[in-house]
Amino acid sequence: MSDIANASALSWCGAGRYNIGNEASPYVAGSGRKFLVRHLNGAPRRIADFGCWTGRNMSVLEGLVGEQDEVYGVDGLWAREAVAELHSTYPHVRLAEAVLHDLPFSDRHFSAALCWRVLHNITSVSLLMSTLHEFSRVLAHGAPLLVAVRRHEEGSMDETPVLQT
């Protein structure tokens with residue numbers, strides 16, 4: 001966890017209204033995109049969407065890469081149908097079937113990642129910690145990670161930044 005807590009580029013958003021839909025999250029398409037652009041370094045770029053589901057944010061990620069770069073969609077076996085839908089819409093996205101606490105990528109593989117409204121589904125503290133460790137392992141040093149979880153406050157469910165550095 002300390003690697004994630006000390007990351008030079010971390011954006012945390014408490015997401016609300018749990019409707020996955022097919023359109024990019026307004027936060028990802030706006031402030032989130034600006035955050036990723038500000039912190040992306042080097043080429044070629046490899047950007048991952050951890051918990052990609054149907055790829056609702058893929059259009060944003062694809063807008064950040066060139067021909068020599070790669071976008072990855074990563075989700076578990078339970079998301080096979082949704083990921084098939086993603087593949088039909090974005091056939092050039094590299095897909096990986098994996099659990100987030102045991103990612104099949106080498107150390108420092110990605111130059112950026114998105115994990116949008118996924119982590120709140122992890123019900124075990126130890127699995128959450130393992131997942132955060134894996135994110136730290138597969139992200140290049142200083143790589144941006146854009147994260148959102150559901151947040152409920154009395155009387156509202158919203159999608160507003162909780163922490164952004």
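**Strand 3 and the largest pocket**

In this predicted model, the largest pocket holds about 480 Å³ of space. Its lining is made up of 23 residues, and those that lie nearest the centre of the pocket are G51, D75, R117, V118 and N121. Two elements, strand 3 and helix 5 (125-138), give two or more residues each to this lining. By residue class, the lining of the largest pocket divides into 13 nonpolar, six polar and four charged residues.

Strand 3, which spans residues 70-75, is a useful place from which to follow the structure outward from the pocket. On one side, strand 3 is joined by five bridges to strand 2 (residues 46-50), and these two strands run parallel. Four bridges join strand 3 to strand 4 (residues 94-97), and this pair is also parallel. Y72 illustrates both pairings, since the bridge partner of A48 in strand 3 is Y72, while Y72 also stands opposite R94 in strand 4. The link between strand 3 and strand 4 can be described further, as the two strands together with helix 4 (residues 80-89) make a right-handed β-α-β unit.

How many of the six residues of strand 3 are buried? Strand 3 is mostly covered, with six of its six residues buried. In a regular strand, side chains alternate between the two faces of the sheet. In strand 3 both faces are covered, with E70, Y72 and V74 buried on one side and V71, G73 and D75 buried on the other. D75, one of these buried residues, is also among the residues that lie nearest the centre of the largest pocket.

Technical notes. Residues numbered from 1 in each chain as written. Predicted model: local features only at pLDDT ≥ 70, side-chain atom pairs only at ≥ 80, totals over all residues. Heavy atoms only, no water. Buried < 20%, exposed > 50% of the residue type's maximum accessible area, 1.4 Å probe, protein only. Pairing = 2+ DSSP bridges. Right-handed = clockwise from strand over helix to strand, strands pointing away. 1 Å grid on protein atoms, 1.4 Å probe; cavity = no way out; pocket = protein on both sides within 12 Å on 5 of 7 lines; lining within 4 Å. Points joined across faces, edges and corners; volume = space filled by probe spheres on them. Nonpolar A, V, L, I, M, F, W, Y, C, P; charged D, E, K, R; others polar.
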